[in-house]
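Work through the exercises below with the coordinates loaded. Each task is followed by a solution in steps.

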Number of protein chains: 2
Amino acid sequence: MKKNITIADSELPIMKILWEKGTLTSPQIFENMHGNKSTLKTLLQRLVTKGAVTAKENTSRTYLYTAAVTQQEYINSERKSFLQKAFDGSTKKMLLNFVQEEKITKEELQQLIDMIEEG
Amino acid sequence: MKKNITIADSELPIMKILWEKGTLTSPQIFENMHGNKSTLKTLLQRLVTKGAVTAKENTSRTYLYTAAVTQQEYINSERKSFLQKAFDGSTKKMLLNFVQEEKITKEELQQLIDMIEEG
DNA sequence: TTTTTGAGATTACAAGTGTAAACTGAAATC
DNA sequence: GATTTCAGTTTACACTTGTAATCTCAAAAA
């Protein structure tokens, strides 16, 4: 059985902070963010409920929060979804579209080739 | 004011048929699809309501449905959303990630460069 | 003309999302 | 000890999505 945890757009900023900083208490998370505290509490709660974030007991009555879904897992899932929706799952079609829409330059492509060759 | 019409995943198959075929009646749309008819009717209705599809009066009591949002508009919007969510809006970061995850080969990149040079 | 058909309209309903207020109870402060 | 603070919990609520059944009524078929 897969878990297939989805991260809502509104929840993403919290995940990004946890990915960047590691393990934090909720006040530490929130001080890195803008937005209504009540709302942020709800979002963090939902992330814990759906298993995207784990909460470990801490001294006093606070928890230590850690991302349970890695950023790469999130990105992979978003990539698949995007490719499927917009390009029938074809990376090639996507790249072609980026070139046509001039979102990529020849130079950038060359840089990538160089990187691959350097290993 | 922007319109900012979003197309839900479940509605996308209908859009794809309209993008491909142009203007169709609902029976023509549905004969190109699988799935429960009632559900499809609802989805088409919602697309009309949100302005992603226009319905023009036809003979008898049927309409002619046409996509009001172009496929390129849809793709652009999905691309922006994907890039923003996963790579802070940076195409470069995305390409780098694709290379690292081996979703692109050197050969494919070279092909793209060739295409750009040919114009 | 009566009956059937079926496109479109209406209604339903659970999940999930975005947003936020109110409540609780232990810990910190007075 | 009394009071304040605030992390965490509960409740709220409208909107969107996924999925589908039911109702309506003109057109087509019998």
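## Exercise 1: Strand C

The element giving the largest share of the surface near DNA strand C is α3(A), with 5 residues. The model is a predicted one.

Task. Describe the rest of the protein surface near DNA strand C: which residues come nearest, and which side chains have a polar atom placed by a phosphate oxygen?

Solution.

Step 1. There are 21 residues around DNA strand C, and those that come nearest are A:S10, A:S38, A:T42, B:S26 and B:Y63. Of the strand C atoms that come within 4 Å of the protein, 52% belong to sugar and phosphate.

Step 2. Look for side-chain N or O atoms by the phosphate oxygens of DNA strand C. For B:S26 the distance is 2.5 Å. For A:T39 it is 3.2 Å, and for B:K37 it is 3.4 Å.

Step 3. Assign the surface to elements. At least two residues each come from α3 of chain A and from α2 (26–31), α3 and β2 (63–67) of chain B.

Step 4. Sort by residue class: the surface near DNA strand C has 5 nonpolar, 9 polar and 7 charged residues.

## Exercise 2: Strand D

Task. Repeat the analysis for DNA strand D, and state which element gives the most residues to the surface near it.

Solution.

Step 1. Among the 21 residues around DNA strand D, the nearest are A:S26, A:Y63, B:S10, B:S38 and B:T42. Sugar and phosphate make up 50% of the strand D atoms that come within 4 Å of the protein.

Step 2. Check the side chains against the phosphate oxygens of DNA strand D. A polar side-chain atom of A:S26 is 2.6 Å from one. The corresponding distance is 3.1 Å for B:K50 and 3.3 Å for A:K37.

Step 3. Two or more residues of this surface come from each of α2 (26–31), α3 (37–49) and β2 (63–67) of chain A and α3 (37–49) of chain B. The element that gives the most is α3(B), with 5 residues.

Step 4. By class, the residues near DNA strand D are 5 nonpolar, 9 polar and 7 charged.

## Exercise 3: Helix α6 of chain A

Task. Test the length of α6(A) against the expected rise per residue, then find which of its residues are buried and what they pack against.

Solution.

Step 1. Helix α6 of chain A has 13 residues, 106–118, and at 1.5 Å a residue it should span 18 Å; its end C-alpha atoms are 18 Å apart, so the two values agree.

Step 2. A:E108, A:L109, A:L112 and A:I113 are the buried residues of α6(A). They lie on the same side of α6(A), because the arc they cover around the axis is only 145 degrees.

Step 3. On the other side of α6(A), A:E117 and A:E118 are exposed.

Step 4. The packing partners of the buried residues are α5 (91–100) of chain A and, from chain B, α5 (91–100) and α6 (106–118).

Step 5. After α6(A) comes A:G119, which has a positive phi near 85 degrees.

## Exercise 4: Helix α5 of chain B and a buried glutamate

Task. Which residues of α5(B) are buried, and what covers them? Is A:E78 buried or exposed?

Solution.

Step 1. The buried residues in α5(B) are B:T91, B:M94, B:L95, B:N97, B:F98 and B:V99.

Step 2. Their cover includes α4, α5 and α6 of chain A, and α4 (71–87) and α6 of chain B.

Step 3. A:E78 is located in helix α4 of chain A. Its relative accessibility is 14%, so A:E78 counts as buried. Apart from neighbours within four places in sequence, A:E78 is in contact with B:F82 and B:K85.

## Exercise 5: Positive phi

Task. Where do A:D88 and B:E102 lie, and how exposed are they?

Solution.

Step 1. Most residues other than glycine have a negative phi.

Step 2. A:D88 is not a glycine, yet its phi is positive, about 50 degrees. A:D88 sits in the loop between α4 (71–87) and α5 of chain A. With 46% relative accessibility, A:D88 counts as partly exposed.

Step 3. B:E102, also not a glycine, has a positive phi of about 55 degrees. B:E102 is in the loop between α5 and α6 of chain B, just after α5(B). With 68% relative accessibility, B:E102 counts as exposed.

How values were computed: Residues are numbered from 1 along each chain as its sequence is written. Chains are lettered from A and ligands numbered from 1 in the order in which they are written. This is a predicted model: local features need pLDDT of at least 70, side-chain atom pairs count only at pLDDT 80 or more; totals for chains, interfaces and linings use all residues. Side-chain values use heavy atoms; hydrogens and water are left out. Helices (H or I, at least four residues) and strands (E, at least two) are DSSP runs, numbered from the N terminus. The expected span of a helix is 1.5 Å times one less than its number of residues. Buried means under 20% relative accessible area, exposed over 50%, partly exposed in between (1.4 Å probe, protein chains only). The arc is that of the directions from the helix axis to the C-beta atoms. Contact means heavy atoms within 4.5 Å. A residue is near a molecule or strand if one of its heavy atoms lies within 4 Å of it. A polar contact is a pair of N or O atoms within 3.5 Å; within protein, one must be able to donate a hydrogen and the other to accept it, and residues adjacent in sequence count only if both atoms are side-chain atoms. Ala, Val, Leu, Ile, Met, Phe, Trp, Tyr, Cys and Pro count as nonpolar, Asp, Glu, Lys and Arg as charged, and the others, Gly among them, as polar.
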